[in-house]
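Trainee: I should like to take a close look at a single part of this protein. Could you please guide me through its aromatic residues and their surroundings?

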Amino acid sequence: MKTLFNNYLNTFRGLSREVWWLALITLINRAGTMVIPFLSLYLTENLNFSKSGEVAWIMSAFGLGSVVGSWLGGKLTDRIGFYKVMAYSLVSTGVLFIALQFLDTFVAFCLGIFLVMLVADTFRPAMFVALSAYSKPENKTRSVTLIRLAINLGFSAGPAIGGLIITTLGYGGLFWVDGITCIVATLVLIYVLNPKATKQLDNIKVENPKSAYKDKAFLIFLVAMTLFGVVFLQFLSTIPLYYREAHFLSELEIGLLLGMNGIIIAVFEMPLIKWLENTTFTKTGLMLFGGILTGLSFIILNFTSWTGVLIIGMLLMTFGEMIAFPFSNAFAMDRAKKGNQGEYMALYSISFSIAHIFGHNAGLQMTDKLGFENTWYIITGLAALCVFLLFFLRQYLNVKKRIKEKERKEEKEILWI
């Protein structure tokens with residue numbers, strides 16, 4: 001047992017002090033984002049908005065704000081640096097989340113959630129660039145995994161605490177906690193990650209940066225990640241409603257089931273990623289496998305009405321994201337070395353923001369008009385398309401690699417002659 005524990009701790013060694021601080025800031029911030037998993041329930045039950053009408057379009061406004069915020073965050077990061085963008089984003093998001101609870105009309109909430117996500121998601125590309133700067137090249141995937149560990153520790157506590165707060169204080173308390181934790185995260189950021197007190201380990205400066213929009217492999221990757229995002233985001237909108245309407249779970253039970261996802265990731269993801277890094281699997285191959293597991297997590301829900309299938313589905317979803325997300329992050333950061341990092345990481349963030357625009361809306365519309373069973377078949381089909389694109393990407397990169405190796409071999413032969 002002691003050896004097993006030491007081996008687990010070894011998976012965390014070698015990461016920089018700054019990455020650990022960034023993980024702590026993310027943990028504090030994420031612990032308060034308990035509003036998001038319960039947002040669809042809040043809108044339908046507290047504000048009496050219709051699921052396929054107002055709620056679906058509010059979730060689209062959520063995604064649109066995320067797209068604009070991610071794009072803006074990338075531009076600002078390349079111009080003023082990641083530190084200032086993260087600090088301004090966190091404190092502003094805290095204030096806006098507190099104010100959001102006072103909006104009770106459809107138009108006001110659409111505008112409010114758009115503004116909240118615009119400000120909040122300027123943080124994402126800045127955080128990715130900071131993570132890359134504070135990580136040695138060989139540690140980037142594990143650094144991403146540590147950040148995800150922080151996110152999921154917060155996510156595992158957030159929904160469980162959120163369900164408890166709802167049953168005792170109501171939904172209003174969630175907005176206060178979310179806002180306050182964002183402000184606390186800002187104070188920690190200012191104290192520990194001030195540029196004067198930190199050291200960058202991978203400060204990349206590209207003389208002639210390549211535009212991310214001309215990187216064909218990266219564009220294929222972005223389409224695949226958008227599809228993966230549409231599938232995964234059902235976990236935050238339609239799945240909680242499915243738990244309530246098809247299996248009659250309470251908010252507390254829903255929170256505990258969602259929290260299980262974070263606990264499993266907290267315990268198993270870092271050792272799993274460390275092991276996978278030492279195998280011969282490629283990043284694209286691992287993302288492909290993650291997509292398969294995520295697709296399976298939906299299709300099995302149609303096999304039986306047994307409530308225990310929800311746990312099996314959650315396990316498949318959890319291991320799918322544990323594999324797909326860290327290696328997709330690492331793939332994006334590797335490609336970003338060719339150009340402006342803010343631009344690359346903004347587009348990576350935008351792929352999930354676009355998924356927010358269409359994923360929540362489409363999922364809610366389909367469950368309302370087609371029912372949960374048909375919706376899960378369609379979502380599984382989207383997962384299959386994502387897997388196909390990732391397979392195509394892997395083959396495309398293999399061909400490009402062989403061409404480059406051939407060109408290098410020919411250059412050596414010419415020099416030898």
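Mentor: The account below begins with the whole chain and then turns to the aromatic residues.

The model is predicted. Its protein chain has 16 helices and zero strands. Of the 417 residues in the chain, 57% are buried. Among the contacts with a separation of 6 or more, 87% are between residues 24 or more positions apart. The accessible surface of the chain comes to about 18,300 Å², and carbon and sulfur atoms account for 67% of that surface.

Let us now turn to the aromatic rings. The structure holds 15 aromatic pairs. A pair of aromatic rings is described by the distance of the centres and the angle of the planes. For Phe218 and Tyr344, the centres are 4.8 Å apart and the planes are at 55° to each other, which makes the pair tilted. Phe218 belongs to helix α10 (residues 216-232) and Tyr344 to helix α15 (residues 341-369), so this pair ties together parts that are 126 residues apart in sequence. Are these two residues buried or exposed? Phe218 has a relative accessible area of 0% and is therefore buried, since buried means under 20%. Tyr344 is buried as well, with a relative accessible area of 0%.

A second tilted pair is formed by Phe221 and Phe331, with 4.6 Å from centre to centre and 45° between the planes. Phe221 lies in helix α10, whereas Phe331 lies in helix α14 (residues 309-336), so the pair ties together parts that are 110 residues apart in sequence. Phe221 counts as buried at 0% relative accessibility, and Phe331 counts as buried at 7%.

Both pairs belong to one aromatic cluster, formed by Phe218, Phe221, Phe228, Phe232, Phe235, Phe325, Phe331, Tyr344, Tyr348 and Phe352. Helix α10 thus contributes Phe218 to a pair with Tyr344 of helix α15, and Phe221 to a pair with Phe331 of helix α14.

One further residue deserves attention here. Ser351 lies in helix α15, and its relative accessibility of 2% means that Ser351 counts as buried. The side chain of Ser351 reaches the backbone oxygen of Tyr348 at 2.5 Å, and Tyr348 is itself one of the residues in the aromatic cluster. Which residues does Ser351 contact, leaving aside its neighbours within four places in sequence? Ser351 is in contact with Leu222, Met225 and Thr226.

Methods: Residues numbered from 1 in each chain as written. Predicted model: local features only at pLDDT ≥ 70, side-chain atom pairs only at ≥ 80, totals over all residues. Heavy atoms only, no water. Helix = DSSP H or I, 4+ residues; strand = E, 2+ residues; numbered from the N terminus. Buried < 20%, exposed > 50% of the residue type's maximum accessible area, 1.4 Å probe, protein only. Contact = heavy atoms within 4.5 Å. Areas by Shrake-Rupley, 256 points an atom, 1.4 Å probe, with all protein chains shown as cover. Phe/Tyr/Trp six-rings, centres within 6.5 Å; stacked < 30°, edge-to-face > 60°. Polar contact = N/O pair within 3.5 Å; in protein donor to acceptor, adjacent residues only side chain to side chain.
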